[in-house]
Amino acid sequence: MGLGLEESLRLTMAALMQATGESQRSVASALGLTQTQVSRRQSGSTSWTLRDVDALAGHYGVAALDLLSGPTRACEALSADRRHSVRGEVEEADR
């Protein structure tokens, strides 16, 4: 049996934060939540709501169904300009 929807969404959020280089604090700010509220959602002590999913989809510029389809699909749906580029940072640091 696969992951439940809640666990899948937590993994998706972790993957999106990694892919974009965002912290819980920056996601919280974008959603009008506190970092503690995002932390609780990510730890599973509080569930992400459907309202949160809509807000997250808007924040990341992806469809809500992409978020609910798992980390791979959500990260594939991210536009290139939303992706965090470690390589780009290294190249800029070398200048």
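Let's start with one residue: at 44% relative accessibility, E6 counts as partly exposed. Keep in mind as you look around that this is a predicted model. The side chain of E6 has a partner, for E6 and R10 meet in a salt bridge, with 3.9 Å from N to O. On the accessibility scale R10 falls on the other side of the line, because a residue is called buried under 20% relative accessible area and R10 has 14%. Both residues belong to helix α1, which covers residues 5-20, and being four residues apart there they are separated by about one helical turn.

Stay in helix α1 for a moment, since the neighbours of E6 are worth a look. E7 is also found in this helix, and with a relative accessibility of 30% E7 is classed as partly exposed. Although E7 and Q42 are 35 residues apart along the chain, their C-alpha atoms are separated by 8.8 Å. Move on to S8, another residue of helix α1. Its relative accessibility is 12%, so S8 counts as buried. What does S8 touch, once residues up to four places away in sequence are set aside? The answer is L3, L68, G70 and P71.

Now step back to see the whole chain. The protein has seven helices and zero strands, and from the N terminus on its elements read α-α-α-α-α-α-α. Of the 95 residues, 32% are buried. The surface that the protein exposes comes to about 5900 Å², and carbon and sulfur atoms supply 50% of that area. How much of the contact in this protein comes from residues 24 or more positions apart? Among the contacts with a separation of 6 or more, such pairs account for 54%.

With that overview in hand, turn to a pair of helices. Two packed helices are described by the angle between their axes and by the distance between those axes. Here the pair is helix α2, residues 24-31, and helix α3, residues 35-43. They pack at an angle of about 110 degrees, and their axes are 8 Å apart. Angles from 65 to 115 degrees count as roughly perpendicular, and α2 and α3 are therefore roughly perpendicular to each other. Which residues bring the two helices together? On the α2 side they are Q24, R25 and A28, and these meet Q35, V38, S39 and Q42 in α3. Sorted by character, the residues of this contact divide into two nonpolar, four polar and one charged.

Q24 is a good residue to follow through this contact. Q24 lies in helix α2 and, at 22% relative accessibility, counts as partly exposed. If you leave out residues up to four places away in sequence, Q24 touches M17, Q35, V38, S39 and Q42. For another distance to check in the model, take Q24 and T36: they are 12 residues apart in sequence, and their C-alpha atoms are 8.4 Å apart in space.

Salt bridges make a fitting last stop. The count comes to six, and the pair of E6 and R10 that we met at the start is one of them. Another is formed by the side chains of R41 and D52, at 2.8 Å from N to O. This pair links distant parts of the chain, with R41 in helix α3 and D52 in helix α4 (residues 50-60), 11 residues apart. Are the two partners buried or exposed? R41 counts as buried at 10% relative accessibility, and D52 is buried too, with a relative accessible area of 8%.

A further salt bridge sits in helix α6, which spans residues 71-77. There E76 pairs with R73, and the closest N and O atoms are 3.7 Å apart. These two residues are three residues apart, about one turn of the helix. R73 has a relative accessible area of 35% and is thus partly exposed. Salt bridges that share partners also join E6, E7 and R10 into one network, which brings us back to the residue where we began.

Definitions and conventions. Residues are numbered from 1 along each chain as its sequence is written. This is a predicted model: local features need pLDDT of at least 70, side-chain atom pairs count only at pLDDT 80 or more; totals for chains, interfaces and linings use all residues. Side-chain values use heavy atoms; hydrogens and water are left out. Axes are lines fitted to C-alpha atoms, for helices over the stretch in contact, and angles run from 0 to 180 degrees between N-to-C directions. Angles under 35 degrees count as roughly parallel, over 145 as roughly antiparallel, 65 to 115 as roughly perpendicular and the rest as oblique. Contact means heavy atoms within 4.5 Å. Ala, Val, Leu, Ile, Met, Phe, Trp, Tyr, Cys and Pro count as nonpolar, Asp, Glu, Lys and Arg as charged, and the others, Gly among them, as polar. Buried means under 20% relative accessible area, exposed over 50%, partly exposed in between (1.4 Å probe, protein chains only). Accessible areas come from the Shrake-Rupley method with a 1.4 Å probe; for residues, only the protein chains shown count as cover. A salt bridge is a side-chain nitrogen of Lys or Arg within 4 Å of a carboxyl oxygen of Asp or Glu.
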